[in-house]
Amino acid sequence: MVKLNRIYTRTGDDGTTGLTTGPRRPKFDLRVAAYGTVDETNACIGMARLHAAAEDAAVDAMLGRISNDLFDLGADLSTPDTGTKLAFEPLRIAQIQVDRVEAEIDQLNATLEPLRSFVLPGGTPAATHLHLARTVSRRAERLMVELAQGEAVAGPALKYINRLSDFLFVASRFLNAKARGDVLWVPGQNR
């Protein structure tokens, strides 16, 4: 378990941060940017949960599990797999977490009408926040994929972040369907 007695350490005053395994990296490092953007995604999900509980308790519970998973993902990304045996078992995203998100996507999507247009961000308060979380999770995914070009990033971690944006999209549609429906794009509407 994590124990934090002091919040500030001053060790990052030089523009670096420590990875779980100890090495320091610049705060603009691609790995740091990737897990920082996962953290941003989680903050957006927290904003969505302010409204999700009132809109649908089951979706809120799903978001709660995802929020916890995103801390697992951050731990995974902050512990690079260099092939060296560590003194501890690093926390990694597991395939079972990916499978659960897929099952929840299928559960929510089963009740939705097929799309006939692109969906604009909007609708209920929770759905609108989920659209923001979706776009931030896509940014996290782009950073993780870029990181994987030069450093090890576990396959389940990449699958999880890819499925997450799909989940957030479907969950926003599900919440909107319970209310006034999706906000649809009308091509050329304002010409």
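The bend at a residue is the angle between two fitted axes, one through the seven residues ending there and one through the seven starting there. Keep that handy for the first exercise; the model here is predicted.

**Exercise 1. Where does α1 bend, and by how much?**

Solution. Put the two axes at arginine 49 and you get an angle of about 40 degrees.

**Exercise 2. What span should helix α1 have at 1.5 Å a residue, and what is the distance between its end C-alpha atoms?**

Solution. Start with the length: α1 covers residues 30–55, which is 26 residues. The expected span takes one less than the number of residues, times 1.5 Å, so α1 should reach 38 Å. Its end C-alpha atoms sit 37 Å apart, in agreement.

**Exercise 3. Which residues cap the N-terminal ends of α1 and α2?**

Solution. For α1, take aspartate 29: one of its side-chain oxygens is 2.9 Å from the backbone nitrogen of arginine 31. For α2, aspartate 56 does the job, with a side-chain oxygen 3.1 Å from the backbone nitrogen of alanine 58.

**Exercise 4. Is the ring pair of phenylalanine 118 and tryptophan 185 stacked, edge-to-face or tilted?**

Solution. First, the count of aromatic pairs comes to one. Its ring centres are 5.7 Å apart, with the planes at 50 degrees. Stacked needs under 30 degrees and edge-to-face over 60, so this pair is tilted. Next, place the partners: phenylalanine 118 is in the loop between α3 and β3, tryptophan 185 in the segment after β4, 67 residues apart. Finally, check accessibility: phenylalanine 118 is exposed at 59%, while tryptophan 185 is partly exposed at 39%.

How values were computed:
Residues are numbered from 1 along each chain as its sequence is written. This is a predicted model: local features need pLDDT of at least 70, side-chain atom pairs count only at pLDDT 80 or more; totals for chains, interfaces and linings use all residues. Side-chain values use heavy atoms; hydrogens and water are left out. Rings of Phe, Tyr and Trp (its six-membered ring) pair if their centres lie within 6.5 Å; planes under 30 degrees apart count as stacked, over 60 as edge-to-face and the rest as tilted. Helices (H or I, at least four residues) and strands (E, at least two) are DSSP runs, numbered from the N terminus. Buried means under 20% relative accessible area, exposed over 50%, partly exposed in between (1.4 Å probe, protein chains only). A polar contact is a pair of N or O atoms within 3.5 Å; within protein, one must be able to donate a hydrogen and the other to accept it, and residues adjacent in sequence count only if both atoms are side-chain atoms.
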